Amino acid sequence: DESTDISDTAQLVIFICGVNDSFQIFEMLKLISLKGITKGEDIFYTVENSLCENNSDLEIISRISTDGVLAMVGKEKEAIKLLIDKIESTRKTNNF
């Protein structure tokens, strides 16, 4: 979810809850400030980097919720489309 604060800085909230291979539940909550224009690509790379920092892969994603803003749900270079394309590409490469 992304909102703009009083200083016109976009605030991106990332929340991930999952179960690892050892059946341990893990959660990640992160609030990230994005300066300037926030395009879908910016949001995608921010989410991807956050997952990498926490030693998680995009493959763990099974559901995504957004506020429906165009930077998230457009058809070509928006965050959700880029996430889906990357996940599908990774799964094909790993034969999932």
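A residue counts as buried when its relative accessible area is under 20%, a cut-off used in the legends below for this predicted model.

**Figure 1. Close-up of T46 in helix α1****.** With a relative accessible area of 15%, T46 falls under the 20% limit and is therefore buried. Leaving aside residues up to four places away in sequence, T46 touches L12, I14, I32 and L34. Helix α1, to which T46 belongs, spans residues 40-53 and is one of the elements that give two or more residues to the lining of the largest pocket.

**Figure 2. Close-up of the aromatic pair formed by F44 and Y45****.** A search of the whole structure finds one aromatic pair. The ring centres of F44 and Y45 lie 5.0 Å apart and their planes meet at 65°, and because an angle over 60 degrees counts as edge-to-face, the pair is placed in that class. The two partners can also be described by their accessibility: F44 has a relative accessible area of 6% and is therefore buried, whereas Y45, at 46%, is partly exposed, because this value lies between the limits of 20% and 50%.

**Figure 3. Close-up of the largest pocket, with a volume of about 540 Å³****.** The lining of this pocket is made up of 21 residues, of which F15, I16, I61, R63 and I64 are the closest to its centre. The elements that give two or more residues to the lining are strand β2 (10-19) and the helices α1 (40-53) and α3 (79-93), and β2 gives the most, with eight residues. By residue class, the lining of the largest pocket divides into 16 nonpolar, three polar and two charged residues.

**Figure 4. The whole chain, shown as the setting for the close-up views.** The secondary structure of the chain comes to three helices and three strands, which follow one another along the sequence in the pattern β-β-β-α-α-α. The chain has 96 residues, and 32% of them count as buried. Among contacts between residues at least 6 apart in sequence, 41% join residues that are at least 24 apart. The accessible surface of the chain comes to about 6,800 Å², and carbon and sulfur atoms account for 51% of this surface.

Technical notes
Residues are numbered from 1 along each chain as its sequence is written. This is a predicted model: local features need pLDDT of at least 70, side-chain atom pairs count only at pLDDT 80 or more; totals for chains, interfaces and linings use all residues. Side-chain values use heavy atoms; hydrogens and water are left out. On a 1 Å grid over the protein atoms alone, a cavity is a set of points where a 1.4 Å probe fits but cannot get out, and a pocket is an open set with protein on both sides within 12 Å along at least five of seven lines; lining residues have an atom within 4 Å of a point. Grid points are joined across faces, edges and corners, and a volume is the space filled by probe spheres set on the points. Helices (H or I, at least four residues) and strands (E, at least two) are DSSP runs, numbered from the N terminus. Ala, Val, Leu, Ile, Met, Phe, Trp, Tyr, Cys and Pro count as nonpolar, Asp, Glu, Lys and Arg as charged, and the others, Gly among them, as polar. Buried means under 20% relative accessible area, exposed over 50%, partly exposed in between (1.4 Å probe, protein chains only). Contact means heavy atoms within 4.5 Å. Accessible areas come from the Shrake-Rupley method with a 1.4 Å probe; for residues, only the protein chains shown count as cover. Rings of Phe, Tyr and Trp (its six-membered ring) pair if their centres lie within 6.5 Å; planes under 30 degrees apart count as stacked, over 60 as edge-to-face and the rest as tilted.
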